[in-house]
Amino acid sequence: MKFLKNTKLVTGSALIVTGLTFLGIWCFRTPSREITRAELEQFAQAKALTDGRVMPTPYAGIYFVEGKHKLPGNSERVFLTTHLDEAQIKALSDQSWAKVAIPDQGVRGQWVNVLCNLLIAGVVIGVVVYQGNIGRGKNALVRERPTVSFSDVAGIEEAKGEVSEVVDFLRDPKKYQRLGGRLPKGVLLIGPPGTGKTMLAKAIACEANAHFFSVHGSDFTEVFVGVGAKRVRQLFRQAAKNKPAIIFIDEIDSVGKNRKLDTHSEHQQTINALLAAMDGFDSSQGIVVVAATNRPEDLDEALLRPGRFDRKVYVPYPDMKGRRAILQTHAAGKPIADASKALDVIAQTTPGMSGADLANLLNEAAIFSALQNATQISQTDLEAARDKVRFGKERKSMVLNQTEREMVAYHEAGHTIIHLQTQLMPPLYKVSIVPRGQALGATTLLPDEDQHLQSRQFLLEELLVLMGGR
Ligand code: ADP
């Protein structure tokens, strides 16, 4: 402890002494002053300068000159930064008061120069190689032979029917060529997300035994102008090497935006490259471009003209029969108790759900059952999964007090009572006051069929039911 205290004392004293020493040196240092070039010459001529140095600065031809200027009974340090040419440097080095430090011309200096040059050359070559490689490689990874067949894609029979001729063509192009037929180069699949557009494209490739090149519209979007265009060209080149091939461009609206609306030059170049690439190949070569979008109105008109994406296939939300078929395909391998009836009910109570929602529903139901260590997926699990997919997860942590719960119950009961009085509304299936997602309660209907048109009477009844909760 004593030692520690002493150490602190010694260190403190040393610091103070050092500080005082520096202060003393600073106070008694020879004053220094910046002088002009004329003064320098004047002092040098009067031989009033000693202990001088002339040092080069990093800037060519600029030197730092300093020296001691003798004054009667005193002296001062003077300095200046100035431009000196070779003759002036030589004149200075001939004077005895100044030592001239010439920029390092020795072997070491030369090595430094060589290394600097090599470094700069390396950076330049690196940048050039990097630029050349931008856009390469990404597409090389997307080639595959899909295993999704037409039988896996359920519920969108019309769309399947429309694309099946592409499959036939890719399998036997000569059959069409003999009769002078020309098949579409591009098929545009239009439909909401999750309705099976990607699946359908994969199924075409699988059924036609073709290579499948899959890219996303946003893969073509880059900061560097021309990179997207380069990727397009590369993609088509790769497909040409692997015929027959399907080039699938998902979310094509992100690259094929209408050029009137999007003046970004990178997009313009990419879409021009896409148009040129589509014009550049003949569909008899066995390449078909399949693109998917849920925003066809954003697409550039040039893309939609005949000879490019001239075949438009709508992939809508599945109807009740379609939902039942999709549920059936995804239920394969899942032990569902009384499967036929349970899936019927789910198909009836899920209008507006996409194939992806239904696949997710069955997966959630399997998870619910597994959590309960059940051996089969029950209808209750399926219904819980449906409510979760539609409204969100049950909010078990949400604490509703007695009054709030009563209010929600009255509200839902209000809807229910009015509903029971209506003639055209589909029958009621389930009323819940369990909070889920944003809803505090929910009502599920059991329609016998999907409704595509509604009568005035139906809409009035719907309004009545909606107001019934007030
Ligand atoms: P999209 O490309 O239209 O957004 P996807 O083809 O990617 O939709 O579908 C996502 C998932 O949804 C698929 O992997 C599949 O499991 C399921 N799915 C969607 N539509 C169908 C369908 N018609 N039949 C079977 N499964 C489907």
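Modeller: A helix here is a DSSP run of H or I with at least four residues, numbered from the N terminus. The model is predicted.

Biologist: Which helices supply at least two residues each to the shell around the ligand?

Modeller: They are α7 (197-207), α11 (320-331) and α13 (355-371).

Biologist: Which of the 16 residues around the ligand come nearest?

Modeller: A154, G194, K197, T198 and H330. To count as near, a residue needs a heavy atom within 4 Å of the ligand.

Biologist: What makes the pair between A154 and the ligand a polar contact?

Modeller: A backbone N or O atom of A154 lies 2.7 Å from a nitrogen atom of the ligand. The cut-off is 3.5 Å between N or O atoms, so the pair qualifies.

Biologist: How do you know that G194 and H330 make polar contacts too?

Modeller: For G194, a backbone N or O atom is 2.8 Å from a ligand oxygen. For H330, a polar side-chain atom is 2.8 Å from a ligand nitrogen. Both values fall within 3.5 Å, therefore both pairs count. The protein covers 78% of the 550 Å² of accessible area that the ligand has on its own.

Biologist: Where does the ligand sit?

Modeller: Its space is the second largest pocket. A pocket, unlike a cavity, is an open set of grid points.

Biologist: How does the shell divide by class?

Modeller: Eight residues are nonpolar, six are polar and two are charged. Gly counts as polar under this scheme.

Biologist: Why is the pairing of K90 and D94 called a salt bridge?

Modeller: Their side chains meet at 3.9 Å, N to O. The rule asks for a Lys or Arg nitrogen within 4 Å of a carboxyl oxygen, so this pair passes. K90 and D94 both lie in helix α3 (residues 86-94), four residues apart, about one turn.

Biologist: How many salt bridges does this rule give?

Modeller: Twelve.

Biologist: Which sign does phi of D51 have?

Modeller: Positive, about 45°, although D51 is not a glycine. D51 is placed in strand β2 (residues 49-56).

Biologist: And what is the phi of E251?

Modeller: Near 50°, again a positive value in a residue other than glycine. E251 belongs to the loop between β9 (245-250) and α9 (265-280).

Terms used. Residues are numbered from 1 along each chain as its sequence is written. This is a predicted model: local features need pLDDT of at least 70, side-chain atom pairs count only at pLDDT 80 or more; totals for chains, interfaces and linings use all residues. Side-chain values use heavy atoms; hydrogens and water are left out. A polar contact is a pair of N or O atoms within 3.5 Å; within protein, one must be able to donate a hydrogen and the other to accept it, and residues adjacent in sequence count only if both atoms are side-chain atoms. Accessible areas come from the Shrake-Rupley method with a 1.4 Å probe; for residues, only the protein chains shown count as cover. On a 1 Å grid over the protein atoms alone, a cavity is a set of points where a 1.4 Å probe fits but cannot get out, and a pocket is an open set with protein on both sides within 12 Å along at least five of seven lines; lining residues have an atom within 4 Å of a point. A molecule sits in a cavity or pocket if more than half of its atoms lie within 2 Å of its grid points.
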